[in-house]
Amino acid sequence: MEALGDFVWPRATSELILLPVTGLECVGDRLLAGEGPDLLVYNLDFGGHLRMVKRVQNLLGHFLIHGFRVRPEPKGDLDSEAMVAVFGSKGLRIVKISWGQSHLRELWRSGLWNMSDWIWDVRWLEGNVALALGHNSVVLYDPVIGCMLQDVPCTDRCTLSSACLIGDTWKELTIVAGAVSNQLLVWYPATALTDNKPVAPDRRVSGHVGVIFSMSYLESKGLLATASEDRSVRIWKVGDLRVPGGRVQNIGHCFGHSARVWQVKLLENYLISAGEDCVCLVWSHEGEILQAFRGHQGRGIRAIAAHERQAWVITGGDDSGIRLWHLVGRGYQGLGVSALCFKSPSRPGALKAVTLAGSWRVLAVTDAGALYLYDMEVKCWEQLLEDNRFQSYSLLEAAPGPEGFGLCALANGEGLVKVVPINTPTAAVDQNLFSGKVHSLSWALRGYEELLLLASGPGGVVACLEISAAPTGKAIFVKERCRYLLPPSKQRWHTCSAFLPPGDFLVCGDRRGSVLLFPARPSLFKSPGVGSKAITEAEAPAAGGGSGASENVATGLGPVSALHSLHGKQGVTSVTCHGGYVYSTGRDGSYYQLFVHGGQLQPVLRQKSCRGMNWIAGLRMVPDGSMVILGFHANEFIVWSPRSHEKLHIVNCGGGHRSWAFSDTEAAMAFAYLKDGDVMLYRALGGCTRPNVILREGLHGREITCVKRVGTVTLGPEFEVPSLELPDYLEPGSEGPGLIDIVLTCSEDTTVCVLALPTTTGSAHALTAVCNHISSVRALAVWGIGSPGGPQDPRPGLTAQVVSAGGRAEMHCFSLMVTPDASAPSRLACHVMHLSSHRLDEYWGRQRNRHRMVKVDPETRYMSLAICEFDSDKPGYGPLVAAACSDGAVRLFLLQDSGRILHLLAETFHHKRCVLKVHSFTHEAPNQRRRLILCSAATDGTLAFWDLTTAMDRGSTTLGSPAHPGLPYQLGSPCLTVQAHSCGVNSLHTLPTPEGHHLVASGSEDGSLHVFILAVKMPEAQEADGEAEQLVPQLCVLEEYSVPCAHAAHVTGLKILSPSLMVSASIDQRLTFWRLGRGEPTFMNSTVYHVPDVADMDCWPVSPEFGHRCALGGQGLEVYNWYD
Amino acid sequence: MGRTSKDKRDVYYRLAKENGWRARSAFKLLQLDEEFQLFQGVKRVVDLCAAPGSWSQVLSQKVGGQTNGQVVAVDLQAMAPLPGVIQIQGDITQLSTAKEIIQHFEGCPADLVVCDGAPDVTGLHDVDEYMQAQLLLAALNIATHVLKLGGCFVAKIFRGRDVTLLYSQLRVFFSSVLCAKPKSSRNSSIEAFAVCQGYDPPEGFIPDLTRPLLDHSYDSDFNQLDGPTRVIVPFVTCGDLSAYDSDRSYPLNLEDGSEYKYTPPTQPPISPPYQEACRLKKNGQLAKELLPQECSINRVDKLPQPLIVPQCHTLLAPKVGDTGRNSSPLTH
């Protein structure tokens, strides 16, 4: 490469952008969405499905799209083509699109016109456009040739925060401007006597106490709506605004949002508003809330659009998600609560319990021991049986299955269980199981083949009954198969049970929060070891058994595997087996994914449900493959979808302490509960799903803090399915093996996300999110990258170990396995398993009286992580994780047992300031030991280098012993410190040079770059062997360069690609290439990217054909690529 | 967490409260002064966008304390009064405000104009950067009316994508423009301060508040969008090395040995825009959507109704018609 070529090579081009959706517009049956400078077009009528048809790239250069204005066609023919004015910040471009027959083409685009000021609104006036600009002026513009025809300012040149243009000709053009003074200014640009002559405002309207962010005018009703910083929406009766001097009357002041309101839109019958609280509200024009759409994550909804004919509302969020919602007006179709009018003189007694057999039969038992059936088809109560042995205490559970298998079970306080066929109650079978109270009943169903009923009696004994029916269906048989024994605890009974496919084991949850595994057929079960042998109460530890006093010797089979107190003291509420995993829910507000390996239960991942829902009652798989969580939040029953973050159903039932039952089928979902002595029934047609559509999944709700590429999965042609998302986007020749990069992102929203970025489609798929952190996640580190079947396995896939760390000094370690999955849209499945976690202030959480004490310790945040892998010749000695801590420390953690044990080994407070970055590298030289060197950088601009190999040597004096046993070692003083910058170091990278040295580059808050060559010299061995181990290398700086004004803001991403090429990224939104190796780094070229506040960058080579890829994470994600 | 968590997260927030400053930004001005000796020989100073008033506090101490020292604070919002500071509640884009300032200085121009104003960020980066730039340019515009030749102008900037355009605009009016960041401003923040010294407007420039100063646009040769000739002004870090690190998390008991004592905030905000909304929320008066059970009256017809409703209910219980249930069988 010669000097001439330097300024063009290498040139980065944008491949993929995930940014807040800031513009949305419905045109006919298409949806236009603006994301960064790109236009996404969705087809809304594709056989009832919705899909993206095309991405029109780079319409606005370095500006972001804030809106679209479609040119009205006099013939009303927008079905074949449309002229769209696309605008955002100071840029405007017109694009002509044709979209006949599902094929979308860009016919023509104008130049990108740069205005002198911010564009708040655009309106087509026949062939020209009128623009409302930032300092209260209106411009008439010819968008085809790009020239200004008129420029009329207002006399009040205040800064605007929004504007709305009304009228179809220049003569009648009206502007309503939202000024910083919180007033609305109405004025008429055409009344200017001459061009450039300021026009005085016709009207000033006050009302809001914050600035106005959005306005919408409904001409047919003469209404104007405004959305403001003061969290309210106001509705104004304005009449025809084009007529000067009209009266403006505030007819509605709507408070409903809990944060600022960004957007408002008036429809013929509704008012739609959306804001920072991520809620989209549907109001009547009278100011009453009709519907609320919740589901977006993060910092709010930025754009709304409506399709009035279809009654759809479409919202675009800061999380870069796009969702479609159904406007149904007042209330919900096919939903409602009804009382089933149980109380009657003919039905004495009070209701004790209720259950649902399928979604159309309700069963209830009274304190008189009578069992009643309510059939929703017949709509009446019917007494099935009455048995006074079930007076005062009675449990009632219907068997699972679509129609409840036609069975239910009752249990009483004297150890009696009655199994009742609902259709022939006379054939009920009694079984006397215990001499004491039956504490709980649960069913377990395997296909249609095996049905078990589990009943917990005194002393933790669980009787397992086998239920079968005679071929005639007239009689049932109940046979006790075996007895299990629960681990001792105060409240020693089981709460739930399920078969573990294929059916050899039963998974149970108990009241103490443990999840247990029992053999389903103990007679066939070959004992693999301890635990499975029959134990007696006398043998069992005496700690528990409080309720088992009456029974002296209870025998039963212990669990073969147990996860003790997984869900805490409040107990497990349900267990479900699905897709190779076991899911358990509990009253600790979490649900666990578990799996059984080698006959042992292992926790995989803990997940939290929505905020405030601390009582999770169950979990269901719905037909579309996703899951829903059932739970109670205060006095409400909630069905919540973790996928869409939506509360699908909310029933104000009074809380979970009453008897309740839930049932769902594809046709309907039902929830029955007891209230005021009656059975209340909530039914929703369509089951647990809601018709709301996620057009595009959101990524992170808040800023991305770290981006890390894990590896690449190469999928063979058998997985090569033409991309559904971008049919027009595929270029010929891009077939062949599908390379998919697996990238991890973490965010302030407390989650870590696994992304798949295929090289062929320019799309991104979120595979999994890990939500274990309680505070923001700031750093990630990856090690142990391999393939699922070991190095010899030719099958595609990827495994890796990941450490994440962030606020509240919290660190988690998990493993990742990505395998092909032809059924998923991404063609990949990702399995995550949580391995270990660590918190510096764990001791504090255990202090009982902490609420009355002041915690004096600093609230440490982890700022950055680095993995330091030692030689493989030390077995069992996992890698070290170095963490940069905000309390001024560099901490070293030791990972053992492939990540299952994580503990603090050593620390140093050398920097005495917030440590921002850590980076590790190895030094290898012929005839020398491989040396691990750690570099740390702090807010004062210094870099410190630590020789970890020497420090970790056994008997080394570098590692000072801790002051107290149990406290970490002291990591002494660094080998070398370099004052590289005057302020904080935000990026750091190293690369070994061919000469055996290391290139070290750092970028700082002040926009400067610092590059130097670090030499590692070993002092000559003076004495014979033995001592060689103790030699300490000397680090020194050979050449040092600095570029003071490389960027205009923090340099947050830096990578040395080769000894002659470096790339840097900054908050000033430039990706810049630098030439190295000829003295001072020299500028080669730079590209403006669209992600603001970039916090991290990762670069990697993909393949010779594809070149390099670079992912930038900040308030969004952008992927660039370039060829070497 | 509790009330001490903010004290722990941010040492300057805590120090500001303990030292009686209205906001932690007071330290920023003090550290800027340490580096640039901003107040040397300064008699008349204007604080634009002054609320809540921490910079005015510093100015009144450093300048107002001297003989003939005068401090004028301007803000759109009301601000709690400060001794030795003349307050103007007005818009900095209005000529009347400029005239009022000059009036307070008895016709003399100001030696120093400072502006620590920032718009309420919306989270949309391009909008926020634009709004901040407009605020700075409005401050610059009024400064051209009140600043003496050779005077000094200090204003907050956001170092985002187009900050170089602001630099080039400022360099039109000042002989020296530097970007400075005090140690009390966090590393994670994109804020910095433009320190412009030696006010020297271009020849023939007539200050005009009726026309807003617009920011520059990228030029194909002089100030390129992505080329090598971007105007990046030198960067200076202010505050000595022994100063507290604003990014570091400190224990509550600081090194000087003094024991921690909680101090309440000095000056809570005066009537923020969201006050009414918060009051309604606190009283549970925000409008809420209808839950399905609340409209069950209209919806019951969608559901299968019980066929046998004992007659006594419909006769005696008045509420049966709308709730479909009866709570008092004793009425029978």
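The following exchange concerns a predicted model and the contact between its chains A and B.

Colleague: How many strands does chain A have?
Modeller: Chain A runs to 1124 residues. Its helices number two. The count of strands in chain A is 88.

Colleague: What share of the residues of chain B count as buried?
Modeller: Chain B holds 11 helices and eight strands. A residue counts as buried when its relative accessible area is under 20%. Of the 332 residues of chain B, the share that meets this is 56%.

Colleague: In chain B, what part of the contacts with a separation of 6 or more comes from residues 24 or more positions apart?
Modeller: For chain A, the corresponding figure is 51%. For chain B, residues 24 or more positions apart give 71%.

Colleague: How many residues does chain A bring to the contact with chain B?
Modeller: A residue is included if its heavy atoms come within 4.5 Å of the other chain. On that basis chain B contributes 87 residues. Chain A contributes 107 residues.

Colleague: What area is buried between chain B and chain A?
Modeller: The size of an interface is often expressed as the accessible area lost when the parts come together. Here carbon and sulfur atoms give 57% of that area. The total buried between the two chains is about 8300 Å².

Colleague: Which residues of chain B lose the most area to chain A?
Modeller: Three residues of chain B stand at the top, and together they make up 9% of what that side buries. They are Tyr130(B), Arg161(B) and Asn187(B).

Colleague: Which side chain meets Asp1068(A) in a salt bridge?
Modeller: Between chain B and chain A there are three salt bridges, and 29 residue pairs are in polar contact. In the salt bridge of Asp1068(A), the N to O distance is 2.9 Å. The partner is Arg230(B).

Colleague: Which element gives the largest share of the side of chain B that touches chain A?
Modeller: Elements of chain B that give two or more residues to this side include α1 (5-9), α7 (163-173), β8 (235-238) and α8 (275-282). Another is α6 (125-146). The largest share is six residues, and it comes from α6(B).

Colleague: How many nonpolar residues are on the side of chain B that touches chain A?
Modeller: Sorted by class, this side has 22 charged residues and 24 polar ones. Its nonpolar residues number 41.

Colleague: What accessible surface does chain B have?
Modeller: Chain A exposes about 41700 Å², with 50% supplied by carbon and sulfur atoms. In chain B these atoms account for 52%. The accessible surface of chain B is about 15100 Å².

How values were computed
Residues are numbered from 1 along each chain as its sequence is written. Chains are lettered from A and ligands numbered from 1 in the order in which they are written. This is a predicted model: local features need pLDDT of at least 70, side-chain atom pairs count only at pLDDT 80 or more; totals for chains, interfaces and linings use all residues. Side-chain values use heavy atoms; hydrogens and water are left out. Buried area is the accessible area (1.4 Å probe) that two parts lose on being put together, summed over both. A salt bridge is a side-chain nitrogen of Lys or Arg within 4 Å of a carboxyl oxygen of Asp or Glu. A polar contact is a pair of N or O atoms within 3.5 Å; within protein, one must be able to donate a hydrogen and the other to accept it, and residues adjacent in sequence count only if both atoms are side-chain atoms. Helices (H or I, at least four residues) and strands (E, at least two) are DSSP runs, numbered from the N terminus. Ala, Val, Leu, Ile, Met, Phe, Trp, Tyr, Cys and Pro count as nonpolar, Asp, Glu, Lys and Arg as charged, and the others, Gly among them, as polar. Buried means under 20% relative accessible area, exposed over 50%, partly exposed in between (1.4 Å probe, protein chains only). Accessible areas come from the Shrake-Rupley method with a 1.4 Å probe; for residues, only the protein chains shown count as cover.
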